[in-house]
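The following exercises treat a two-chain model step by step. Each opens with a task and is followed by a worked solution.

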Amino acid sequence: MLFSTMITVLTTIGIVLVFLGEAVGFFKEVSVWEFLTDTEWTPLFANKHFGILPLLSGTLLTSFIAIVVALPIGLSIAIYLSEYAPKNFRKTVKPALELLAAIPTVVYGFFALMVVTPFLQQIFPDMAGFSALSAGIVMGIMIIPFISSMSEDALYAVPYSLKEASYGMGSTRLQTAFKVMIPSAASGIIVSIILAVSRALGETMIVAIAAGQQPRLTANPLVPVETITAYIVQVSLGDVPHGSLEYKTIFAAGITLFIFTYILNNISYVIKKKFHQKYE
Amino acid sequence: MNKLKINRLKDSSFKIWGIISTLIGLILLVIFIGDILDDGLKRLNWDFITSLPSRKPERAGIYTALMGTLWILIMTAIIAFPIGIAAGIYLEEYGNKKSFLSRLLEINISNLAGVPSIIYGLLGLEVFVRMLKMGPSLLAGSLTLALLILPIIVVATRESLKAVPDSIREASFGMGATKWQTIWMNLLPASMGGVLTGVILALSRAVGETAPLIVIGALAYVPFAPSGPMDEFSVLPMQIFNWVSRPQHGFVINSAAAIIVLLTITIIMNGIAVYLRNRWQRKIKW
């Protein structure tokens, strides 16, 4: 059994070693400075540039759009379900929303490309067939249940006496929610948001299908971009020989993504452990 | 208007906004599924399920991909189930929870659960496909997916063991049972519902995963269904991804039909998980 437990540790060590190994090989040929500052990413072209910034900006742009969509809706759902909704309604709606998170991401990609993009093109006629906006919105829909479910759990865990005290002071439900419940459940809510961001950064299929494959440094959501994950998919689908520089680029891109999500996950873990309020 | 009225107005308008937000999620779910059914149902028939892939959309089927998905599902379960449960039991029952090692293991597992799936794909590509020379085979694919869902199973096992009250453990020890007998005869049967629920949910996630399998080199086009663990394979999500990326409208219809099959599998698995959870919750009262 100890051995089984150690497999989880070996996985982590494996990830770190694999990435270090391939990334060291990559950075022998491409300087770290070029990797971090070059504004073009064209490793598959004749004129090669290895700047991670365009991929990073694509990743951050789609994730940002996703959070802008998911945060207000997800939090409103959480507050509504915990403060306003009748108990039975909450009981049926919560699993239904969690079903949104169980749908395979490739299915979301289909929606983004076939439903959301044509719809958005009616609003923005000059929008391209692939765009950060469409992928970001659909990704936002996907992560709504992450935020709503975990935040609702956090709000639900706040002791009833706090709520009653607030009502006793004559507060409305809205005032209770925003001035008592949310501050009390803040750590849980923040953790849910961080985990949702981390999930959005690593999301692959939606952006691979609907965001396009053109790495570019832009904040314009209407043009095609490429995320780190989409680039890894693009290279994997092609026939790239093992050990070539192109092969190593996917590990260099992957380690960038890994570092980002690793930091976010650790922050959420620390918050969960440290600021978890204990009530009597 | 006085302040009280304004506050009450704000309160009720937020209530309406809350209902709208909740419904947005549900309505989108209905629109999505309705759209898929609308596109795919007319294409979905027995021929579609039993046909081999083809370049012509009207003749293409999902047989090889469906078989690949079933292979992956079973092999991943065989690999991940014992390891995940053993690790969960160790962490919950044997490990000293305050020791440095246990804390490290716990942080590690919670971290692994947050690692993007595509990173597991890169790990599988380097370790299973290249170093252990498995090639883009079913075995490499299921090992990769097993690592991916391991943290979920470990956490589910620990949670359900935690839910078994200490009095059960003490009673068993009091009867002279060893630690292993206690775990095997009392704790595991009592927590099996939660464990199985976690395992099935984890497997349903594995069935829908595409990214790690693309990275390890699973193919979109496989002429025959796999017949052994070392064969090359395709899975339903790969097939859908491949069809979605093609320009012909016929393939879009095909991908919608394949999505119906994939969603059916996912929903059945989630349904079983919910059923098990409810059944066990009702049966066991401490």
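**Exercise 1. Confidence of the model**

Task: State the average pLDDT of chain A and of chain B, and identify in each chain where confidence is lowest and where it is highest.

Solution.
Step 1. The model is predicted, and chain A averages a pLDDT of 84, with 98% of its residues scoring at least 70.
Step 2. Within chain A, the lowest confidence falls in helix α2 (residues 32-37), with a mean of 79. The highest, 90, belongs to helix α3 (residues 53-84) of chain A.
Step 3. Chain B averages 85, and 98% of its residues score at least 70. Here helix α2 (residues 46-50) of chain B is lowest, at a mean of 78, and α6(B) is highest, at 90.
Step 4. For the complex, the predictor gives an ipTM of 0.85 and a pTM of 0.86.

**Exercise 2. Architecture of the chains**

Task: Determine how many helices and strands each chain contains, and describe the extent and burial of each chain.

Solution.
Step 1. Chain A has twelve helices and zero strands. Its C-alpha trace spans about 70 × 55 × 35 Å along the principal axes.
Step 2. Of the 280 residues of chain A, 49% count as buried. Taking contacts in chain A between residues at least 6 apart in sequence, 73% join residues at least 24 apart.
Step 3. Chain B has eleven helices and zero strands. The box filled by its C-alpha atoms is roughly 75 × 70 × 35 Å along the principal axes.
Step 4. Chain B has 286 residues, of which 44% count as buried. Among its contacts between residues at least 6 apart in sequence, 76% join residues at least 24 apart.

**Exercise 3. The contact between the chains**

Task: Establish how many residues each chain gives to the contact, and which element supplies the largest share of the chain B side.

Solution.
Step 1. The contact takes 63 residues from chain A and 66 residues from chain B.
Step 2. On the side of chain B, helix α1 (residues 3-40) provides the largest share, 18 residues.
Step 3. Sorted by class, that side of chain B comprises 41 nonpolar, 18 polar and seven charged residues.

**Exercise 4. The domains of chain B**

Task: Give the bounds of the domains of chain B, the separation of their centres and the residues each contributes to their contact.

Solution.
Step 1. Chain B is divided into domain 1 (3-40) and domain 2 (48-283).
Step 2. Taken over C-alpha atoms, the centres of domain 1 and domain 2 of chain B are separated by 33 Å.
Step 3. Their contact takes four residues from domain 1 of chain B and five residues from domain 2 of chain B. The domain 1 side has two nonpolar, one polar and one charged residues.

**Exercise 5. A helix pair in chain A**

Task: Describe how helix α1 and helix α12 of chain A pack, and which residues meet.

Solution.
Step 1. Two packed helices are described by the angle between their axes and the distance between the axes.
Step 2. For helix α1 (residues 2-29) and helix α12 (residues 245-274) of chain A, the angle is about 120 degrees and the axes are 8 Å apart. The crossing of α1(A) and α12(A) is left-handed.
Step 3. The residues that meet include A:Phe19, A:Ala23 and A:Phe26 in α1(A), and A:Leu245, A:Phe251 and A:Ile255 in α12(A).
Step 4. By class, this contact of α1(A) with α12(A) has eight nonpolar, three polar and three charged residues.

**Exercise 6. Two residues of chain B**

Task: Decide whether B:Ser160 is buried or exposed, and whether B:Lys133 is buried or exposed.

Solution.
Step 1. B:Ser160 is placed in helix α6 (residues 138-162) of chain B.
Step 2. B:Ser160 has 24 other C-beta atoms within 10 Å and is therefore buried, the cut-off being 20 or more.
Step 3. Leaving aside neighbours within four places in sequence, B:Ser160 is in contact with B:Ser191, B:Gly194 and B:Val195.
Step 4. B:Lys133 lies in the loop between α5 (117-131) and α6 of chain B. B:Lys133 counts as exposed because it has 9 C-beta neighbours inside 10 Å, where the cut-off is 12 or fewer.
Step 5. Most residues other than glycine have a negative phi. B:Lys133, although not a glycine, has a positive phi of about 55 degrees.

Terms used: Residues numbered from 1 in each chain as written. Chains lettered and ligands numbered in written order. Predicted model: local features only at pLDDT ≥ 70, side-chain atom pairs only at ≥ 80, totals over all residues. Contact = placed C-beta atoms within 7 Å. Helix = DSSP H or I, 4+ residues; strand = E, 2+ residues; numbered from the N terminus. Nonpolar A, V, L, I, M, F, W, Y, C, P; charged D, E, K, R; others polar. Domains from an automatic or database assignment. pLDDT = per-residue confidence, 0-100. Axes fitted to C-alpha atoms, helices over the stretch in contact; angles between N-to-C directions. Left-handed = near helix turned anticlockwise from the far one by under 90°.
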